[in-house]
Structures are given as structure tokens and as C-alpha cells.
Amino acid sequence: RRVQELSKRAAKIHVGAVDPHIDNMLKVSMDGKKLGLDQRLINPMLPDDPGSKVNACVGNVMRIYREGSEQKLTQLIFSDMSRPKNGQEKECSVYDDIREKLLAQGVPESEIAFIHNADTEAKKKELFAKVRTGQVRVLLGSTQKMGAGTNCQDLLVAVHHLDVGWRPSDMTQRNGRIIRQGNRNKEVQIYQYVTEGTFDAY
């Protein structure tokens with residue numbers, strides 16, 4: 001139903017029936033990306049869909065986390081939308097949701113980190129060192145904050161893309177964190193999550 005609402009909005013915009021200051025294709029595209037990521041980003045009152053790509057990602061992260069426990073293998077999760085809340089936003093945060101779900105399944109809080117909390121070069125360096133040694137095993141971030149200059153590849157075994165960057169170079173940067181000299185894993189896993197019938201494919 002929500003995808004149909006986006007289609008109706010797009011049709012009205014296409015025929016010029018809407019003031020572009022009120023609604024436009026950029027807004028429709030952003031709402032479409034939100035819907036593809038998690039329906040609660042459109043309406044926080046909606047339920048957590050067990051079949052959402054966020055929940056599929058959590059399932060994969062937990063499986064890989066358990067399989068790599070002995071070697072302390074690490075994973076990156078990329079999402080350019082729905083970043084951690086700073087206490088003032090009311091919108092659902094996919095970052096916080098993933099962390100809570102990982103904690104509920106037994107991942108220690110110290111092993112989950114958000115790149116956004118490393119707000120200085122010194123803190124970033126310290127965080128990357130923890131990922132390289134497996135002290136932090138799941139790191140979440142955006143292309144901008146966790147793309148170029150992120151050197152934490154030593155134990156990386158999986159990268160999860162919850163959304164697709166606007167430019168092909170965004171995806172190259174993301175995958176370059178794991179397909180990188182210095183990674184001790186001969187094989188790595190790259191996951192791209194797509195919600196059928198949404199703007200993900202577009």
C-alpha cells in the first residue's frame with residue numbers, strides 16, 4: 001500500500017499537479033529508500049517487519065559472528081540512512097535497532113560500535129585498532145564516515161550493505177574496506193540487501 005502511495009505522489013508530480021516546494025521526486029525517492037530500509041522510518045507506529053532487510057541482516061551478522069567466534073572475525077554494516085539518534089530525534093534509528101537486536105542475541109556491548117561515536121581522528125584510530133584485533137567485531141557506519149581512510153581489514157570477513165550509495169564509487173569505497181591488502185581472510189562475504197517492490201531496485 002505504501003509503495004502505491006509513492007506511485008500516486010510521483011504521478012501527481014509528473015503532471016505538475018503539486019507545488020515542487022510541497023512535494024517533488026527527490027522527496028519521493030528518499031521516502032522510497034526509507035520504505036525499502038524499514039517501514040518504521042515512514043511511520044514509527046508500524047510494526048517491526050520480521051521479513052525486513054534489517055532483520056535479514058541481523059540474522060546473517062549473528063550467523064557469521066558465531067561461526068567466526070574462535071578467530072574473532074569482524075564485520076561492517078553500511079547504511080547511509082537512519083543513523084544513530086543523538087537523543088533529540090524521534091525517528092526510528094536502524095543503527096540503534098540493529099545494536100539492540102545483537103545485544104538481545106548475546107553480543108557484548110563492547111563488541112558493537114558506531115563509527116559516528118569516533119568524532120576525532122584519535123578516536124577513529126583507536127576504534128580501527130580494536131576492529132583489527134577483534135575487540136570490536138561489528139562496526140556500523142555510513143559511506144562518508146566509513147569509506148576512504150578506514151583501515152580495519154585484518155579480520156574482516158563480511159560487509160553488509162543495507163542501502164545502495166547514490167554513485168557507483170560509493171559501493172567501490174565500501175567494498176574496498178574488505179577487499180584489501182592486509183586482510184587475513186582468503187574468502188570474504190559481501191551482502192547487498194534489497195526489498196522487493198520498493199525503490200531499492202530503482
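**Burial, sheet architecture and helix packing**

Cys152 counts as buried, its relative accessibility being 0%, and Cys57 is likewise buried, with a relative accessible area of 1%. These values, like those that follow, refer to a predicted model. Burial of these two cysteines is not accompanied by a cross-link, for with a disulfide taken as a pair of cysteine sulfur atoms within 2.5 Å, the count comes to zero disulfides. Across the 202 residues of the protein, 48% count as buried, while the area that the protein exposes amounts to about 11,200 Å², of which carbon and sulfur atoms supply 51%.

The secondary structure comprises seven helices and five strands, and the elements follow one another from the N terminus in the order α-α-α-β-α-β-α-β-α-β-α-β. Among contacts between residues at least 6 apart in sequence, 67% join residues at least 24 apart.

The five strands form an open sheet with parallel pairing, in which the order is S2-S3-S1-S4-S5. Strand S2 (112-114) and strand S5 (189-192) are the edge strands, each pairing on one side only, and the twist from one strand to the next averages 15°. In general, the strands of a sheet pair through backbone hydrogen bonds, either parallel or antiparallel.

Within this sheet, strand S1 (residues 74-78) pairs with strand S3 (residues 138-141) in the parallel sense over four bridges, and Ile77 stands opposite Leu140 in S3. S1 also pairs with S4, again in the parallel sense, over five bridges; here Gln75 stands opposite Ala158 in S4. Strand S4 (residues 156-161) is in turn joined to S5 by four bridges, the two strands running parallel. Ala158, the residue opposite Gln75, stands opposite Gln189 in S5 as well, and His160 has Tyr191 as its bridge partner in S5. S4 is mostly covered, since six of its six residues are buried, a residue being classed as buried under 20% relative accessible area.

Two helices can be described by their placement on S1, S2 and S3. Helix H4 (residues 94-104) packs on the sheet and touches S1, S2 and S3, with its direction making about 170° with that of S2. Helix H5 (residues 121-132) lies across S1, S2 and S3, and runs at about 140° to S3. At S4 and S5, the connection involves helix H7 (residues 168-175), which together with S4 and S5 makes a right-handed β-α-β unit.

Helix H7 also contains Arg174. With a relative accessibility of 0%, Arg174 counts as buried, because this value falls under the 20% limit. When residues up to four places away in sequence are not counted, Arg174 touches Phe78, Asp80, Thr143, His161, Asp163 and Gly165. Of these contacts, Phe78 belongs to the residue range of S1, and His161 to that of S4, which places Arg174 of H7 in contact with two strands of the sheet. The C-alpha atom of Arg174 is separated by 8.0 Å from that of Ala148, the two residues being 26 residues apart along the chain.

Key. Residues numbered from 1 in each chain as written. Predicted model: local features only at pLDDT ≥ 70, side-chain atom pairs only at ≥ 80, totals over all residues. Heavy atoms only, no water. Buried < 20%, exposed > 50% of the residue type's maximum accessible area, 1.4 Å probe, protein only. Pairing = 2+ DSSP bridges. Axes fitted to C-alpha atoms, helices over the stretch in contact; angles between N-to-C directions. Contact = heavy atoms within 4.5 Å. Right-handed = clockwise from strand over helix to strand, strands pointing away. Areas by Shrake-Rupley, 256 points an atom, 1.4 Å probe, with all protein chains shown as cover.
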